[in-house]
Every structure is written in structure tokens, then in C-alpha cells.
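Here are some comments to read alongside the structure, written for someone meeting it for the first time. Please keep the display open while going through the points.

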Amino acid sequence: MFGRMWVRMVGSQKNLDDLMVQLRPDLSRESLGVGPDFPGVAPNPLLSSDARKRNAELRMGALALGVLVDWREVNSNPRVVLMFDVETVGGISFRGIADEDLTITELTRLAPGQTLPVRYRPAVMDHYVALARDADPAHVQRLSEEIASRKRT
């Protein structure tokens with residue numbers, strides 16, 4: 001509701017995107033390393049029905065591996081945008097963006113180059129991913145071995 005009202009007040013989604021780039025240039029498509037088809041980071045995903053729907057779909061998405069490239073703090077919750085180079089079992093590679101609330105402990109453990117399990121939506125492929133906190137470690141290990149063996153051949 002608030003997201004739609006905000007878009008109406010600003011005038012259009014394009015104006016909202018332009019405003020977000022002005023307010024947070026570090027969250028622009030160019031800064032995050034994604035293409036023009038990336039819908040952008042929601043100002044408040046709790047108030048955006050599209051973001052809530054996307055996050056629910058991502059939690060059920062396909063498992064992949066993401067190598068952490070960088071991250072940006074969005075607020076002091078701490079809400080962060082994590083940038084991953086994602087590799088799927090099917091051989092698809094893409095820049096993935098995860099919009100996550102982390103604990104201070106999780107935030108302090110972030111390091112570029114870490115490989116973490118992520119979920120993505122194969123049917124959508126919009127650069128959005130989510131941390132796969134629920135992933136079975138044995139399944140993640142098998143996925144890692146499959147990806148590594150494909151790269152060797």
C-alpha cells in the first residue's frame with residue numbers, strides 16, 4: 001500500500017528509481033553490477049507487496065552457490081544488500097543481489113570471497129537471490145561438488 005502511494009506521489013516507478021539513485025547511488029544498478037532489467041532495491045521491502053511476494057518465492061527457490069563480492073548497509077537493523085557471483089548446477093552464472101536482515105554477528109563475519117548457499121527463481125532470473133539459511137549442509141556439499149566437476153570438464 002505505502003509503496004503504491006509513494007509511487008503515485010513521486011509520479012511513476014521511473015521517478016522512484018531516479019529518486020533512489022539520487023538518495024543512495026551505492027544501490028544503483030551500475031554500482032551493484034546488474035543490468036537495466038534489475039527492478040531495483042525496495043526502499044522498504046516490508047511495505048512493498050511485490051518485495052514480500054518475491055521474498056516468499058525466493059525462500060522456495062532453487063539452490064545455487066554464491067560467492068560474496070561485496071555488500072552495502074541499507075540501515076542499522078542491519079539490513080544489507082549482498083552482491084554475489086552466483087553459479088547454478090545447470091551452469092548459469094549471474095550477479096545476484098540479496099536483500100537481507102542480518103544480526104550484528106552475521107554482519108561481522110561477512111568477507112568477500114565467501115561461498116554461501118543462495119536460492120533463486122529460475123523462471124524469473126531477475127538478479128534477486130536470498131540466503132539459503134535452511135539448506136541442508138550435505139545438499140550444499142553435493143551441489144558444490146557438482147559445480148566443481150562441471151568446471152573441470
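Which residues does V86 touch, not counting residues up to four places away in sequence?

1. The model is a predicted one, and the question about V86 is a useful place to begin. Leaving aside residues up to four places away in sequence, V86 is in contact with A64, L65, G66, I92, S93, F94, G96, V118 and V129.

2. V86 also belongs to the largest nonpolar core, which has 15 residues, and there L82, F84, V86, V118 and V129 touch the most other members. The elements that contribute two or more residues to this core are β1 (62-75), β2 (79-87), β3 (93-101), β4 and β5, and the largest share, 4 residues, is supplied by β2. Apart from this core lies another one, made of 11 residues, among them V41, V81, M83 and Y128.

3. Turning to helix α4, which spans residues 49-59, please look at A51, R54 and L58, since these residues are buried. They lie on the same side of α4, because the arc they cover around the axis is only 65 degrees. The buried residues of the helix pack against two strands, β4 (115-120) and β5 (129-131).

4. R54 deserves a second look, for in addition to being buried in α4, this residue has its charged end over the ring of Y128, at 3.6 Å from the centre of that ring. Y128, in turn, is one of the residues of the 11-residue core.

5. Finally, for pairs of aromatic rings, whose centres must lie within 6.5 Å to be counted, the count for this model comes to 1.

Notes:
Residues are numbered from 1 along each chain as its sequence is written. This is a predicted model: local features need pLDDT of at least 70, side-chain atom pairs count only at pLDDT 80 or more; totals for chains, interfaces and linings use all residues. Side-chain values use heavy atoms; hydrogens and water are left out. Buried means under 20% relative accessible area, exposed over 50%, partly exposed in between (1.4 Å probe, protein chains only). The arc is that of the directions from the helix axis to the C-beta atoms. Contact means heavy atoms within 4.5 Å. Rings of Phe, Tyr and Trp (its six-membered ring) pair if their centres lie within 6.5 Å; planes under 30 degrees apart count as stacked, over 60 as edge-to-face and the rest as tilted. A charge sits over a ring if NZ of Lys or CZ of Arg is within 6 Å of the ring centre and within 35 degrees of the ring normal. A nonpolar core is a set of buried Ala, Val, Leu, Ile, Met, Phe, Trp, Tyr and Cys residues joined through side-chain atoms within 4.5 Å.
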